Amino acid sequence: MSKEAENYKNKGNEEFKKGNHGKAIEYYTYATEMDPNNPVFYTNRSNAYFKMKKYDKSLRDAKKSIACDAKWAKGHYRAGLVYMETEQPQEALKCFQIAADLQPDMPAFKSAIAGAKAAFMKGMSKAEILKTQGNEEFKAGQGEQAIKTYTSAIEACSSSEKDLAIKVDCYANRAACYRQLYQDQEVVRDTTEALKINPNHVKSLIRRAQGYEQMEKYQEALADFQKASLLAPNTPVAFQGASRVRTALKNIGKM
């Protein structure tokens, strides 16, 4: 940080404390011109724009600070604050989580995560909240706990169209947990339940095919892989699976 840029930053901070956000922006801008690769100046200017409710410019500067240093936690935090103000809690949550991962000892980041989660889940059904929780557990490698959460989500589903779609996803997601635990019969069972509700659910078709393949039920696997390929032509895992199963069938003389 050059001395001249530091001076402009300090002047900007003084004006910011006085509530002169426009003047602060001028000084922060001078600082960025003196030292364009310093993320501090961009997050400071982002904060000033935020106070003036100029959220597009605040987000722009937050992203500029991240471009300068992807590990700059405050840049991700400031971006998250803008997303919260513009009613995009899911995007905000992603930013806050990155900030907290980079700087775990910052209470403000943890508090922001809690706020974003509450906003994101506002208006969700119990089943939808449980599905979201299960997804987080699965991503964290907590497969057995995720199975329990997805089970609770399935049980919480009503017969509404929205909840039936959630039930299908939860069956497919629980099947993914079982697949990681090498419980292939459970994989087939859950995906079959999902396909009873939505016969064209590509994720369930692929996972059932993978379960059948592990159980050496190659004809059934091939049928599911082929249907998935027809429904979602740009899904490599389905094409590759079908090719792999055809080879297996040829090797045992059934194709």
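This text walks through the aromatic pairs of a predicted model and then through one of its helices.

Start with the rings. The structure holds six aromatic pairs. One of them joins Tyr8 and Tyr30. Their centres lie 5.1 Å apart, and the planes meet at 50 degrees. That makes the pair tilted. Tyr8 belongs to helix α1, residues 3-17, and Tyr30 to helix α2, residues 21-34. The two residues are 22 apart in sequence, so the pair ties together separate parts of the chain. How accessible are these two tyrosines? Tyr8 has a relative accessible area of 22% and is partly exposed. Tyr30 is also partly exposed, at 35%.

A second tilted pair involves Tyr77 and Phe109. Here the ring centres are 5.0 Å apart and the planes stand at 45 degrees. The angle falls between the 30 degrees that bounds stacked pairs and the 60 degrees that bounds edge-to-face pairs, so the pair counts as tilted. This pair also links distant parts of the chain. Tyr77 sits in helix α5, residues 73-85. Phe109 sits in helix α7, residues 107-121. The separation is 32 residues. Are Tyr77 and Phe109 buried or exposed? Tyr77 counts as buried at 19% relative accessibility, because the cut-off is under 20%. Phe109 is buried too, at 3%.

Return to Tyr8 and Tyr30. Ring pairs join them with Tyr27 into a cluster. Elsewhere, a ring meets a charge. The charged end of Arg78 sits over the ring of Phe50. The distance to the ring centre is 5.4 Å.

Now turn to helix α12. It spans residues 202-214, 13 residues in total. From first C-alpha to last, α12 reaches 19 Å. The expected value, at 1.5 Å a residue, is 18 Å, and the helix comes close to that. How many residues of α12 are buried? The count is 10 of 13, so the helix is mostly covered, with buried meaning under 20% relative accessible area. Among the buried residues are Leu205, Ile206, Ala209 and Tyr212. Charged side chains appear in the list as well, including Arg207, Arg208 and Glu213. Which elements cover these buried residues? They include α10 (161-180) and α11 (184-197). Also included are α13 (218-231) and α14 (236-251). After α12 comes Glu216. Its phi is positive, near 60 degrees.

Notes:
Residues numbered from 1 in each chain as written. Predicted model: local features only at pLDDT ≥ 70, side-chain atom pairs only at ≥ 80, totals over all residues. Heavy atoms only, no water. Phe/Tyr/Trp six-rings, centres within 6.5 Å; stacked < 30°, edge-to-face > 60°. Helix = DSSP H or I, 4+ residues; strand = E, 2+ residues; numbered from the N terminus. Buried < 20%, exposed > 50% of the residue type's maximum accessible area, 1.4 Å probe, protein only. Lys NZ or Arg CZ within 6 Å of the ring centre and 35° of its normal. Expected span 1.5 Å × (residues − 1). Contact = heavy atoms within 4.5 Å.
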